[in-house]
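User: Got a minute to go through this model with me? I have a few quick questions.
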Amino acid sequence: MSNPHVVVVGAGFAGLVAARELQMAGVDVEIVEARDRIGGRAWTEERMGRPLELGATWVHWMQPHVWSEITRYDQSIYPSPFCDDAYWVTGDSVKHGSEADLEAAIDRPMQKIFENSRDFFPYPYEPLHVLDERSGSSPELRQQFLAADEGSVLDCLRDGSFSQEEIDLCNAFWAAGYIGDPEQGSPLMAKQWAALSDHRMSLMEEQTLRYKLTNGMRGIYENIAADLNCPIRLNTPVKSIDHRAAGATVTLENGESISCDSVIVTVPVGALPTIEFTPTLPDGMRNIIDKKWNSTGCKIWVKIKGHHSILGYAPTPAKMAIFRSEFFLDDDTTICVGFGPHHDQVNLNDPKHGQEIVNQWRPDLEVVDSTGHDWVADKWSGQAWATLRSGQFTNGWHHFRTTDSRLHFAGADWARGWRGVVVDGAIETGLSTARNVIKELKV
């Protein structure tokens, strides 16, 4: 009797972890990947004279799934630098202080944004817990939870209790956090981030912007791939998937068809239109695919002359919302990283655009290089990390958690915990989806 056969679509963290878990259970696996490399939206590459993360960057010991991989592969971490000088744009002025000054200025309005996070997320990795009638949550709390998925994350600051400076600081933070327009982002996403960070702004920043892998993300994804004995077929896009109650057929763009007992798709929402599904996906899934997430932004690396320890915040419509020093090189240059809400407003590889970004805070600094990867324009991602629009927290991602055929989905887009900004959610769903397939196949 032959082993069950599973096709995994995508060789990012979710796909690699799923394949490893299936392999350990004795399942025959093959991975098909559209790109010419593994890693997905985690991509460590040599640029500007050193390894840079073009996608996911930061990790933390309070992210349980990625920390397990760090432990498994004996990887180490180191901190991003604290910045000596902070600059934040409000109105027509640029304010200057220390990083601690900026953190103090943003703390009060962020606490308002985090309001009710303890009640809404008593179990942060069960994000819809309060909507479950078995949870014992009151009807009033359930209604509050549903209402908190509407409007903008900034709406709660517009009651007259907060200054324009406080609103502008939060606008900048969430333009980067949502990697999209903060006016479109679900307030519940911000509250879950708070719950995943012990409801503390300082810990949330530490988890999402402070610690990096010494060997880069490739120090993990290359090690996972090395543990696999299954084929990883690069440059192999999928054209269509026919999924049934007893199996599936994956048809590649080259015309080849692969029959399998189950298929796990790790493609993000932005790239799902590249695959034709038969039968058509349910309405809940197609609605999200049509509308996409609130993930329209970009990440840029900018090199400037001299060593400068700087942090910048700028609200929309600024090209970059958050900008900070990351590396001080021996050639007397500094590499900074920035995050902005609209990918189509920036040419990531044009130093002139890098100079315009730096000019928001320090026009006296000279940009010598800039680089990045436009994930939204990338056919195989169509987005940066997964961030939720208003209404999509309670009516969105969870539709992809279960299906009535041998088609399954994994990836950070569907995670119960960290849904995108870090790789923890991708690992989480790769593991959980693989376990569900193993149960389904009765391995």
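User: Which residues is Thr251 in contact with, leaving aside its neighbours within four places in sequence?
Analyst: Thr251 is in contact with Val238, Lys239, Ser240, Glu256 and Ser257. Keep in mind that this is a predicted model.

User: What does the side chain of Thr251 make a polar contact with?
Analyst: The partner is the side chain of Ser257, at 3.3 Å.

User: Is Thr251 buried or exposed?
Analyst: Thr251 is buried, because its relative accessibility is 18% and the cut-off for buried is under 20%.

User: Which strand does Thr251 lie in?
Analyst: Thr251 belongs to strand 12, residues 248-252.

User: And what is the strand order in that open sheet of four strands?
Analyst: The order is 13-12-11-15, and the pairing is mixed. Strand 13 (257-260) and strand 15 (276-278) stand at the edges. Each has a single partner strand, so one side of each has no neighbour in the sheet. On average, neighbouring strands of this sheet are turned by 15 degrees against each other, direction ignored.

User: How many bridges join strand 11 to strand 15?
Analyst: Three, and the two strands run parallel. Strand 11 covers residues 238-243. One pair to look at is Ile241 with its bridge partner Phe277 in strand 15.

User: Switching to the sheet with order 5-9-6. How many strands, and what pairing?
Analyst: That one is an open sheet of three strands with antiparallel pairing. Strand 5 (58-59) and strand 6 (77-79) are at its edges. Each of the two has a single partner strand, so one side of each is left without a neighbour in the sheet.

User: How many bridges join strand 5 to strand 9?
Analyst: Two bridges, with the strands running antiparallel. Strand 9 spans residues 211-213. Trp58 has Lys212 in strand 9 as its bridge partner.

User: Now strand 18. How many of its residues are buried?
Analyst: Six of its seven residues are buried, so strand 18 (residues 322-328) is mostly covered.

User: What does strand 18 pair with?
Analyst: Strand 17 (residues 310-313) pairs with strand 18 in the antiparallel sense over three bridges. There, Gly312 stands opposite Phe323. Strand 19 (residues 333-340) also pairs with strand 18 in the antiparallel sense, over six bridges. In that pairing, Ser325 has Cys336 in strand 19 as its bridge partner.

User: How many residues sit between the strands in the hairpin of strand 18 and strand 19?
Analyst: Four. In this hairpin, Asp332 takes a positive phi near 65 degrees.

User: You mentioned Cys336. How many disulfides does the structure hold?
Analyst: Zero.

User: Why no bond for Cys83?
Analyst: The closest cysteine sulfur to that of Cys83 is in Cys336, 8.1 Å away, which is too far for a bond. The cut-off for a disulfide is within 2.5 Å. Cys83 is also buried, with a relative accessible area of 6%.

User: And how far is the nearest cysteine sulfur from Cys260?
Analyst: It is 13 Å away, in Cys230, and Cys260 is in no disulfide. Cys260 counts as buried, at 8% relative accessibility.

User: On to the helices. How many residues of helix 7 are buried?
Analyst: Nine of its nine residues are buried. Among them are Lys191, Gln192 and Trp193.

User: What do the buried residues of helix 7 pack against?
Analyst: They pack against helix 3 (99-113), helix 4 (117-120), helix 5 (139-147), helix 6 (164-177) and helix 8.

User: Where is Arg200 found?
Analyst: Arg200 is in the loop between helix 7 (187-195) and helix 8 (201-209). Arg200 is partly exposed, at a relative accessible area of 39%. Beyond its neighbours within four places in sequence, Arg200 is in contact with Phe114 and Ala194.

User: How far apart are the C-alpha atoms of Arg200 and Pro282?
Analyst: They are separated by 38 Å, with the two residues 82 apart along the chain.

User: Last one. What feature does UniProt place at residues 13-438?
Analyst: The UniProt record, an unreviewed entry, gives "domain: Amine oxidase" there. Over residues 13-438, the chain is 29% helix and 21% strand. The end C-alpha atoms of that stretch are 19 Å apart.

Note on methods
Residues numbered from 1 in each chain as written. Predicted model: local features only at pLDDT ≥ 70, side-chain atom pairs only at ≥ 80, totals over all residues. Heavy atoms only, no water. Buried < 20%, exposed > 50% of the residue type's maximum accessible area, 1.4 Å probe, protein only. Polar contact = N/O pair within 3.5 Å; in protein donor to acceptor, adjacent residues only side chain to side chain. Contact = heavy atoms within 4.5 Å. Pairing = 2+ DSSP bridges. Axes fitted to C-alpha atoms, helices over the stretch in contact; angles between N-to-C directions. UniProt positions renumbered as here; feature names shortened; annotations may be inferred.
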